[in-house]
Amino acid sequence: MTHTPLNIDLDTLMLELEELAAFSDTPAPSVTRVLWTETDQKARSYLKTRIEQAGFSWREDATGNIFATFEGKQPRLPKVGTGSHIDAIPHAGKYDGTVGVLGGLEAMRTLKRSGFQPRRSIELLIFNAEEPTRFGVGCLGSRMLSGALKPEEALKFRDQEGLSFEEARQQGGFSGDLNQIRLHENYFFAFVELHIEQMPNLEKQGLPIGVVTAIAAPSSFKLHLTGQGGHAGAVLMPDRKDAFLAASEIALCIEQAVKDHGSIDTVGTVGLVNVYPNAINSIPSKVDLGVDLRDIDADRRDRVLQALLQAAEDICLKRGIKLELEMLNQDPPAKSDPMLVRTIQKNCENLGIAYQNMVSRAYHDSLFMARIAPTAMVFIPCKDGISHRPDEYSSPEHIRIGVEVLAGVLRDLGEV
Ligand code: HGY
Ligand code: MN
Ligand code: MN
Ligand code: MN
């Protein structure tokens with residue numbers, strides 16, 4: 001079935017990406033935008049205005065997940081969903097997440113401009129806090145929408161300033177019943193997310209589109225180490241219980257555990273370190289290590305995790321350090337839905353666009369949407385695979401192609 005070509009309004013979309021990037025708590029070209037901050041609120045109202053100007057309705061749930069709806073002829077049918085996140089870790093770039101939000105909006109506008117009205121409503125989601133910045137757990141919005149995170153579990157969260165989830169939520173201007181957030185089964189017929197690749201593979205192969213067939217299994221946890229402090233000059237080495245030296249040994253064990261028990265698809269790092277009292281002439285008495293460990297195979301990841309925890313225990317025993325484990329998340333991987341993968345591939349073929357199937361090593365909201373709906377992702381290249389940095393970049397042409405493929409996929413799914 002041939003379709004009228006879809007003309008993406010790239011100028012408007014690129015302008016919107018720039019305007020959205022300006023809502024940041026750090027100076028350009030970096031972007032920092034954290035859940036429920038004033039900056040986040042300003043970015044949300046900007047997007048709501050763009051959604052209204054496009055002639056779509058929107059709603060916000062009790063934590064601020066935003067739903068923008070392109071009403072279908074049969075609005076009671078399970079909907080076709082797309083979307084991503086607008087939060088950005090400190091000193092990040094302007095394309096991670098936002099390409100899926102503003103690109104999804106432009107895909108809907110393009111379909112509307114072409115005179116198309118879907119049978120099923122098409123809904124753009126702007127998820128809360130895909131990044132773990134505020135509460136240490138990523139995908140807060142999609143976890144709650146999918147039921148992977150229950151309200152009573154979320155209410156236990158505290159941010160780094162010690163603010164509770166509820167205090168932070170109210171500060172962000174949200175109240176309402178948290179039990180209304182979870183989406184019922186069949187809310188969505190399908191969900192497709194457009195996102196930058198955040199790896200260099202597509203660019204290296206000169207390919208404009210990646211069709212994501214699976215999303216790796218992420219886990220993150222904190223190791224709280226407690227030793228003995230003391231004067232950095234006065235305490236002799238045999239008498240010390242230096243929490244940071246224990247942490248350093250443990251950090252290197254992560255690399256060793258991945259080498260011994262993992263594969264090339266296993267990755268681990270210590271991305272967060274708190275040292276107390278953090279004074280140059282004071283022996284660290286407490287250290288928190290924030291560890292991120294992932295693999296496309298969850299069992300293999302968990303074998304590496306067990307090996308690492310055993311090594312940490314041995315080190316702390318030897319050094320007289322108290323060790324406490326705080327598991328933050330230990331999620332299974334997600335597989336894309338074969339029908340959606342085929343729909344994306346078909347749209348690329350119809351448009352004469354080269355693509356390759358691939359795994360996403362970064363997690364995304366699709367990791368949790370896959371628990372409540374057939375889900376898949378469309379990747380576009382980003383320069384040198386750089387992401388979570390101010391120099392993150394995706395070209396207008398690649399963004400245009402990604403949105404054109406997404407629009408075709410939404411049109412096809414909207415008609416099923
Ligand atoms: O860490 C991740 O994979 C995601 O980009 N937040
Ligand atoms: Mn990210
Ligand atoms: Mn992202
Ligand atoms: Mn992500």
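The following exchange between a colleague and a modeller concerns a predicted model of one chain with manganese ions.

Colleague: How many helices and strands are there in the chain, and what radius of gyration goes with them?

Modeller: The chain contains 12 helices and 15 strands. For 416 residues the globule rule gives 22 Å, and the value for the chain is close to that, so the chain is as compact as a globular protein of that length. The radius of gyration is 23 Å.

Colleague: What does the C-alpha trace span along its principal axes?

Modeller: One pair of residues gives a sense of scale: Leu-236 and Leu-413 are 177 residues apart along the chain, and their C-alpha atoms are separated by 70 Å. Along the principal axes, the spans of the trace are about 80 × 45 × 40 Å.

Colleague: Is Leu-236 buried or exposed?

Modeller: Leu-236 sits in the loop between strand S9 (217-226) and helix H8 (243-261). Its relative accessibility is 56%, and the cut-off for the outermost class is over 50%. Leu-236 therefore counts as exposed.

Colleague: What percentage of the residues in the chain are buried?

Modeller: The class takes in residues under 20% relative accessible area. Of the 416 residues in the chain, the buried share is 55%.

Colleague: Which residues are the protein donors of the manganese ion (ligand 3)?

Modeller: The donor atoms lie 2.0 to 2.3 Å from the ion. In sequence the donor residues are spaced H-x10-D-x98-H. Two of them, Asp-96 and His-195, are buried. The donors are His-85 (NE2), Asp-96 (OD) and His-195 (NE2).

Colleague: Which residue bridges the manganese ion (ligand 3) and the manganese ion (ligand 2)?

Modeller: The two ions lie 3.5 Å apart. The bridging residue is Asp-96.

Colleague: How many residues apart are Asp-96 and His-195?

Modeller: Asp-96 and His-195 both donate to the manganese ion (ligand 3). Asp-96 is in the loop between strand S5 (88-92) and helix H3 (98-113), whereas His-195 is in strand S7 (residues 188-196). The pair links distant parts of the chain, 99 residues apart.

Colleague: Which residues coordinate the manganese ion (ligand 4)?

Modeller: This ion is separated from the manganese ion (ligand 2) by 4.2 Å. Its donors follow the spacing E-x232-Y-H along the chain, and their distances to the ion are 2.2 to 2.8 Å. The coordinating residues are Glu-130 (OE), Tyr-363 (O) and His-364 (ND1).

Colleague: Are Tyr-363 and His-364 buried or exposed?

Modeller: Tyr-363 has a relative accessibility of 12%. For His-364 the relative accessible area is 0%. With the cut-off at under 20%, Tyr-363 and His-364 therefore count as buried.

Colleague: How many of the 16 residues of H3 are buried?

Modeller: At 1.5 Å a residue, H3 should span 22 Å, and its end C-alpha atoms are 22 Å apart, which agrees. After H3 comes Gly-115, with a positive phi near 85°. H3 is largely enclosed by the rest of the structure, because the buried residues number 14 of the 16.

Colleague: Which residue forms a salt bridge with Arg-109?

Modeller: The closest N and O atoms of the pair are 2.8 Å apart. Arg-109 lies in helix H3 and its partner in helix H1 (residues 10-21), so the bridge ties together parts that are 93 residues apart in sequence. Both residues are buried. The partner is Glu-16.

Colleague: Which residues are linked with Glu-16 and Arg-109 in a network of salt bridges?

Modeller: The structure holds 26 salt bridges. Besides Glu-16 and Arg-109, the network takes in Arg-50, Glu-106 and Arg-113.

Colleague: Are Arg-300 and Asp-295 buried or exposed?

Modeller: Their side chains meet in a salt bridge at 2.7 Å, N to O. Relative accessibility is 17% for Arg-300 and 0% for Asp-295. Since the cut-off is under 20%, Arg-300 and Asp-295 count as buried.

Colleague: Which accessibility class do Arg-342 and Glu-349 fall into?

Modeller: These two also meet through their side chains in a salt bridge, at 3.1 Å from N to O. The relative accessible area is 37% for Arg-342 and 40% for Glu-349. Arg-342 and Glu-349 are therefore partly exposed.

Terms used:
Residues numbered from 1 in each chain as written. Chains lettered and ligands numbered in written order. Heavy atoms only, no water. Donors = N, O, S within 2.8 Å, 3.2 Å for Na, K, Ca; no water. Helix = DSSP H or I, 4+ residues; strand = E, 2+ residues; numbered from the N terminus. Buried < 20%, exposed > 50% of the residue type's maximum accessible area, 1.4 Å probe, protein only. Expected span 1.5 Å × (residues − 1). Salt bridge = Lys/Arg side-chain N within 4 Å of Asp/Glu carboxyl O. Rg over C-alpha atoms; globule rule 2.2 N^0.38 Å.
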